[in-house]
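Please open the model in your viewer, with side chains and the metal switched on, and follow the stops below in order.

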Amino acid sequence: MPMLMLKCKTCGIIFSAMYIPDMIEFREKSHSDSNLIHSCTRGHSNHYLIENYIDLS
Ligand SMILES: [Zn+2]
């Protein structure tokens, strides 16, 4: 399963955002709901767009 990573906009560390079963479905869904909030492992909450995700699969 692909895992998407994000870079924290506050402290810059890379953290795992989510596992997704289907990248195409994720992109379609994310375009309609593109402003998602994620928290890094240090607890900083930021908004992220689809372009911010790093696909390491
Ligand atoms: Zn952070």
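Select N46 and T10 together and display their side chains, which in this predicted model are joined by a polar contact of 3.1 Å. N46 has its place in strand β4, which covers residues 45–48, and with a relative accessible area of 15% the residue is buried, because the limit for that class is under 20%. If you now extend the selection around N46 and set aside its neighbours within four places in sequence, you will find C8, K9, T10, L36, I37 and H38 in contact with N46.

One of these contacts of N46, C8, leads to the next stop, so to speak, the zinc ion. Which atoms coordinate the zinc ion? Select the SG atoms of C8, C11 and C40 together with ND1 of H44, and you have the donors, which lie at 2.0 to 2.4 Å. Along the sequence, the spacing of these donor residues reads C-x2-C-x28-C-x3-H.

With the donors still selected, the angles at the metal are worth displaying. The 4 donor atoms subtend angles of 104 to 117 degrees around the zinc ion, and the arrangement is therefore tetrahedral. For comparison, the ideal angle for four tetrahedral donors at a metal is 109.5 degrees.

Next, colour two of the zinc donors by accessibility: are C40 and H44 buried or partly exposed? C40 has a relative accessible area of 5% and is buried, whereas H44, at 24% relative accessibility, counts as partly exposed.

Move on to D55, which has its place in strand β5, residues 54–55. D55 counts as partly exposed at 35% relative accessibility. Add P2 to the selection and draw a line between the two C-alpha atoms: D55 and P2 are 53 residues apart along the chain, and these atoms are separated by 7.1 Å. Not counting residues up to four places away in sequence, D55 touches P2, M3, L4 and M23.

Finally, clear the selection and switch to a cartoon of the whole chain. The chain has 1 helix and 5 strands, and from the N terminus on these elements run β-β-α-β-β-β. Among the contacts in the chain with a separation of 6 or more, 44% are between residues 24 or more positions apart. With a surface displayed instead, the accessible surface of the chain comes to about 3,900 Å², of which 52% belongs to carbon and sulfur atoms, and 32% of the 57 residues count as buried.

Technical notes: Residues are numbered from 1 along each chain as its sequence is written. This is a predicted model: local features need pLDDT of at least 70, side-chain atom pairs count only at pLDDT 80 or more; totals for chains, interfaces and linings use all residues. Side-chain values use heavy atoms; hydrogens and water are left out. Helices (H or I, at least four residues) and strands (E, at least two) are DSSP runs, numbered from the N terminus. Buried means under 20% relative accessible area, exposed over 50%, partly exposed in between (1.4 Å probe, protein chains only). Contact means heavy atoms within 4.5 Å. Accessible areas come from the Shrake-Rupley method with a 1.4 Å probe; for residues, only the protein chains shown count as cover. Donors are N, O and S atoms within 2.8 Å of the metal (3.2 Å for Na, K and Ca); water is not among the atoms, so sites may look incomplete. Four donors count as tetrahedral if all angles lie between 85 and 135 degrees; four count as square planar and six as octahedral if opposite donors are over 155 degrees apart and all others between 65 and 115; anything else is irregular. A polar contact is a pair of N or O atoms within 3.5 Å; within protein, one must be able to donate a hydrogen and the other to accept it, and residues adjacent in sequence count only if both atoms are side-chain atoms.
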